[in-house]
Structure formats: C-alpha cells, structure tokens
Amino acid sequence: MIRFNPAAPDGPAIDWTNELARRAARSRHPALQAFYQAGCATGDTPLESVPLVALDIETTGLDARRDAIVSIGLVPFDLQRIRCRDAFYEVVKPTTALSEESITFHRITHSDIRQAPPMTAVLDRVLKAMTGKIMVVHYRAIERAFLDRAVQQHLGESFTFPVIDTMQLEARLHRGSAQPGWLARLFGRKIESIRLADSRLRYGLPPYSAHHALTDALATAELLQAQTLHHYSPTTALRELWS
C-alpha cells in the first residue's frame, strides 16, 4: 500500500453497533443489508473476544475519486492465531488505467490484470469475508475510501465499516505530544516513522516485502498482536481501539 499523511486525528468516537443497525434499516442492496444486519461486536467487548480481519488493498493511485483498486487481501485472525488458510487474495481489473508509479509500488502489471476479474465479480466474497468482523488496517483512509467508492460504483450505495487502525495506534504513541520539538530535533532526535515496516521493526517483527495486499494484511495482523502485547491488554475494550 502506498502510504501518506499518516497522523490524522482520532476524531469523535462512533457507536458502531448503532451505526450498522441504522444502515441496515436504510440499505436497499441485499449484500449490504446482510453485511449491516450481521452487526459487529459491541464497544465493551474485550479485544480477545473480537473476530478480526486484517485488510489491505493496492490501488492505481491515492485518490479514490479518480483511482481504483488493483488487488485486495484479507486475513482473519484473533490475538492468538492468524488463520492464513482462510485468507482471501484477488487481483482485480481496475476501472482506471495503471500508472507507471503504481506499477513500481505493487508490481502488478498490465499482463497481470488482463485476465483478472472486475471488482464487481469479487465484491460479494469480500463483503462476506468482512461480515460480522472488525477490520484491522494500517491507515484507514485508503481502505475506507476505496471500498466505499467501489461499493458506490457497483452496488449504488455508500459503504462504511468499523476498523482498528494500527497506524493510528502508533501515532498515539509517537506523534502529538510525544513528537520531538525543534530543539530536540536540532540535537538529533528523529521523528518516529509510523509506516508499516518501521512500526513492525519496533516490535522485533521480521521484514516482509511491501505493497502486496495479502502480505501487508498479514503484516498488519501481526502488528496489532504485537501492539496489544506491549501497550494494551487482551481485555482492552474494543471502543478504546476502533474508529
């Protein structure tokens, strides 16, 4: 995934239980109704009891209004186990052309997408994989914006979902008041990177090849497990982490 502008503010807390119920009542498409009606764990559910799915997408660019999804990876997991056998990965034919810059990032070429299915052919499986789960991403703005755009294009409705953002959790620790001021930077103290690979290094997690949707989803799942071990607790209430 291409990353940028990582330190967005948390914003007001959302009661996702009520939000999904509200959308279930308003949605018209059967696939979206099924997704919203399944609901999600309540905010007071301990993290150890929450069904999680790590999600990552690769795109033709950074603007969801102009660019499109190229590949998507989902990996179900909990704090004890990552279920790679049940992972989902698909290269899809984007609705916009690949750019040379995007090819250098994710290395998905024109020949890779020539026979790939369109997003509309895999969207139902993606929604089913997400149903009833809390998504875990590293920088929620990309996954939320591009999936919302894809659902609007193919199902005719807006789409949103609760996430735990591992980049946001790193920003809480290393940005804001924890960020060094100009004097500290003058004396050599660096601003901590909260990119996925750099965040993993702080927890002793191994380096993976970046910009592959399935590998990045796996890397994100491992990062949340490490963050929980070092900074939170298995009994941490979901509402303290989701957004």
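A salt bridge here is a side-chain nitrogen of Lys or Arg within 4 Å of a carboxyl oxygen of Asp or Glu. In this predicted model, that rule gives a count of 11 salt bridges. One of them joins the side chains of Arg125 and Glu90, with 2.9 Å from N to O. This pair ties together distant parts of the chain, since Arg125 sits in helix H5 (residues 119–130) and Glu90 in strand E3 (residues 88–91), 35 residues apart. Arg125 is not tucked away: its relative accessible area is 42%, so it counts as partly exposed.

A second bridge, between the side chains of Arg200 and Glu222, also comes in at 2.9 Å, N to O. Again distant parts of the chain are linked, with Arg200 in helix H9 (residues 196–202), Glu222 in helix H10 (residues 213–231), and their positions 22 residues apart. Here both Arg200 and Glu222 are buried.

Then there is a local case. Glu19 and Arg23 meet through their side chains at 2.7 Å, N to O. Both belong to helix H1 (residues 16–26) and are 4 residues apart, about one turn of the helix. An α-helix has 3.6 residues a turn, so residues three or four places apart point the same way. Glu19 and Arg23 are both buried. The story doesn't stop at the pair, as salt bridges with shared partners join Glu19, Arg22 and Arg23 into one network.

Stepping back to the overall fold, the protein has 10 helices and 5 strands. Of its 243 residues, 49% are buried. Among contacts with a separation of 6 or more, 71% are between residues 24 or more positions apart.

Helix H2 (residues 30–38) has a clear inside and outside. Its buried residues are Ala31, Leu32, Phe35 and Tyr36. These four cover an arc of only 125 degrees around the axis, and therefore lie on the same side of H2. The face turned away from that buried side carries Pro30 and Gln37, which are exposed. On the inside, the buried residues of H2 pack against H1, H5 and helix H6 (140–155). Just past the end of H2, Gly39 adopts a positive phi of about 65 degrees.

Some of these H2 residues turn up again around the main core. The largest nonpolar core has 56 residues, and Phe159 and Ile164 are the ones with the most contacts inside it. Setting aside neighbours within four places in sequence, Phe159 touches Arg23, Leu32, Phe35, Tyr36, Leu127, Met130, Leu147, Asp148 and Val151. Apart from the largest core lies another one, of 7 residues, including Val91, Leu98, Ile103 and Ile113.

Next along the chain from Phe159 comes Thr160, placed in the loop between H6 and strand E5 (163–165). Despite the loop position, Thr160 counts as buried because its relative accessibility is 13%, and the cut-off for buried is under 20%. Beyond its neighbours within four places in sequence, Thr160 is in contact with Trp16, Glu19, Arg23, Phe35, Tyr36 and Arg144. That list brings back Glu19 and Arg23, the two partners of the H1 salt bridge, along with Phe35 and Tyr36 from the buried side of H2.

H6 also matters for the empty space in the model. The structure holds 1 cavity of 30 Å³ or more, and the volume of the largest cavity is about 80 Å³. Of the 13 residues lining it, Ala68, Ile69, Thr95, Ala150 and Gln153 are the closest to its centre. H6 provides the largest share of this lining, with 5 residues.

Ala150 is a handy residue for looking at this region. It lies in helix H6 and, at 5% relative accessibility, counts as buried. Ala150 and Ile69 are 81 residues apart along the chain, yet their C-alpha atoms are separated by 7.9 Å. With neighbours within four places in sequence left out, Ala150 is in contact with Ile69, Met119 and Leu123. Ala150 and Ile69 are thus a contact pair as well as two of the residues closest to the centre of the cavity.

Note on methods:
Residues are numbered from 1 along each chain as its sequence is written. This is a predicted model: local features need pLDDT of at least 70, side-chain atom pairs count only at pLDDT 80 or more; totals for chains, interfaces and linings use all residues. Side-chain values use heavy atoms; hydrogens and water are left out. Helices (H or I, at least four residues) and strands (E, at least two) are DSSP runs, numbered from the N terminus. Buried means under 20% relative accessible area, exposed over 50%, partly exposed in between (1.4 Å probe, protein chains only). The arc is that of the directions from the helix axis to the C-beta atoms. Contact means heavy atoms within 4.5 Å. A nonpolar core is a set of buried Ala, Val, Leu, Ile, Met, Phe, Trp, Tyr and Cys residues joined through side-chain atoms within 4.5 Å. On a 1 Å grid over the protein atoms alone, a cavity is a set of points where a 1.4 Å probe fits but cannot get out, and a pocket is an open set with protein on both sides within 12 Å along at least five of seven lines; lining residues have an atom within 4 Å of a point. Grid points are joined across faces, edges and corners, and a volume is the space filled by probe spheres set on the points.
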